[in-house]
Amino acid sequence: MALKMSVLTRRSLRQVAGIIAGSHYEVIPAPAIEEAVTESVPRDVVVTVTASPTKGLDATLDLTQRLRAAGYRVVPHVSARLVRDASHLADIVAQLTGLGVQDVFVPGGDSDPPVGIYDSALSLLEALSTLGAPFPRLGITGHPQHHPHIDDDVTIQSMWDKRRYASYIVSNLCFDATALAEWVRRVRKRGVTLAMRVGVAGPVDRTRLMSTATKIGVTDAARFVRLHSSSLLHLGALGGYTPDKLLARIAPTLADPACIVEGLHVFTFNQVDATERWRQDLLEQLGAAEDDEGD
């Protein structure tokens, strides 16, 4: 499906293309994911590795090590609620710095109760600062839609409190273009100037999309898919989703320098081959659109 970005100028098309070219791919530690990444994802694409209560941080650290050895820049997720204590945190830092990791994403995490002394991303970020801020870049979560367990006022205040430790914000999964664009502008209006990575779902079949959106706690996103499936999903063999329409609708936000969007954070659902083919196709479309704009 071709993107409709005729409202954008040539300069804006170039900015959007740069944002898509700089996408980060999120993967889940699972059997065969290392092989899938190395076979289909170029080495200049940054790969982020999730952490979950069921797999624990060891699975994240192990996959990070293997992907680093394969030549990738890797951003591991260090979920605060999965870190036991200061000694455990120091060990994690030593492992990651030993691998040359420069960038870490710090969510609060879903472990309930926490496995140790850190109950929030802020508490872990504060602990990292006492260790001499060992990572040049730190990412934090933003919530364009309602968090299932935390009030909106709390999530907004939390982002404000974390900003002094962080380098960038990654927005959680969202399919509502209006809500996403409005949220980006609200963040900027509040005075938060951290660079932003806009979280989008990569190409995926409807069943996996719904299942994963529910599991990772973005209930508003799952509800939005159910209510707008006819406009979101392409009714092919898989009844699959691609973020083309969403990106077309938020393209002015992506291209606006005041919004400080540095790239996409693509939730790949481990469908990295399909995600990379989609990204390359989209970049070709944008290149053709830029050529047409210049004619």
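Is D273 buried, partly exposed or exposed? Select D273 in this predicted model and the answer is partly exposed, since its relative accessibility is 38%.

Now add R277, which forms a salt bridge with D273, the closest N and O atoms lying 3.1 Å apart. Both residues belong to helix 12 (residues 272–294), where they are four residues apart, about one turn of the helix. R277 itself counts as exposed, with a relative accessible area of 54%.

Next, select D256 and R185, whose side chains meet in a salt bridge at 3.1 Å, N to O. This pair links distant parts of the chain, with D256 in the loop between helix 11 (244–255) and strand 10 (261–267) and R185 in helix 7 (residues 177–189), 71 residues apart. D256 is partly exposed at 22% relative accessibility, and R185 is also partly exposed, at 39%.

Move on to D103 and R137, a salt bridge in which the closest N and O atoms are 3.2 Å apart. Because D103 lies in strand 4 (residues 103–105) and R137 in strand 5 (residues 137–142), the pair ties together parts that are 34 residues apart in sequence. D103 is buried, at 1% relative accessibility, whereas R137 is partly exposed, with a relative accessible area of 24%. Extend the selection to R73, R197 and E262, and the salt-bridge network that links them with D103 and R137 is complete. The structure holds nine salt bridges.

Finally, keep R197 and add H24, T48, V75, F105, Y168, V170 and H265 to show the lining of the largest cavity, which holds about 40 Å³ of space. That lining divides into four nonpolar residues, three polar and one charged.

Conventions
Residues are numbered from 1 along each chain as its sequence is written. This is a predicted model: local features need pLDDT of at least 70, side-chain atom pairs count only at pLDDT 80 or more; totals for chains, interfaces and linings use all residues. Side-chain values use heavy atoms; hydrogens and water are left out. On a 1 Å grid over the protein atoms alone, a cavity is a set of points where a 1.4 Å probe fits but cannot get out, and a pocket is an open set with protein on both sides within 12 Å along at least five of seven lines; lining residues have an atom within 4 Å of a point. Grid points are joined across faces, edges and corners, and a volume is the space filled by probe spheres set on the points. Ala, Val, Leu, Ile, Met, Phe, Trp, Tyr, Cys and Pro count as nonpolar, Asp, Glu, Lys and Arg as charged, and the others, Gly among them, as polar. A salt bridge is a side-chain nitrogen of Lys or Arg within 4 Å of a carboxyl oxygen of Asp or Glu. Helices (H or I, at least four residues) and strands (E, at least two) are DSSP runs, numbered from the N terminus. Buried means under 20% relative accessible area, exposed over 50%, partly exposed in between (1.4 Å probe, protein chains only).
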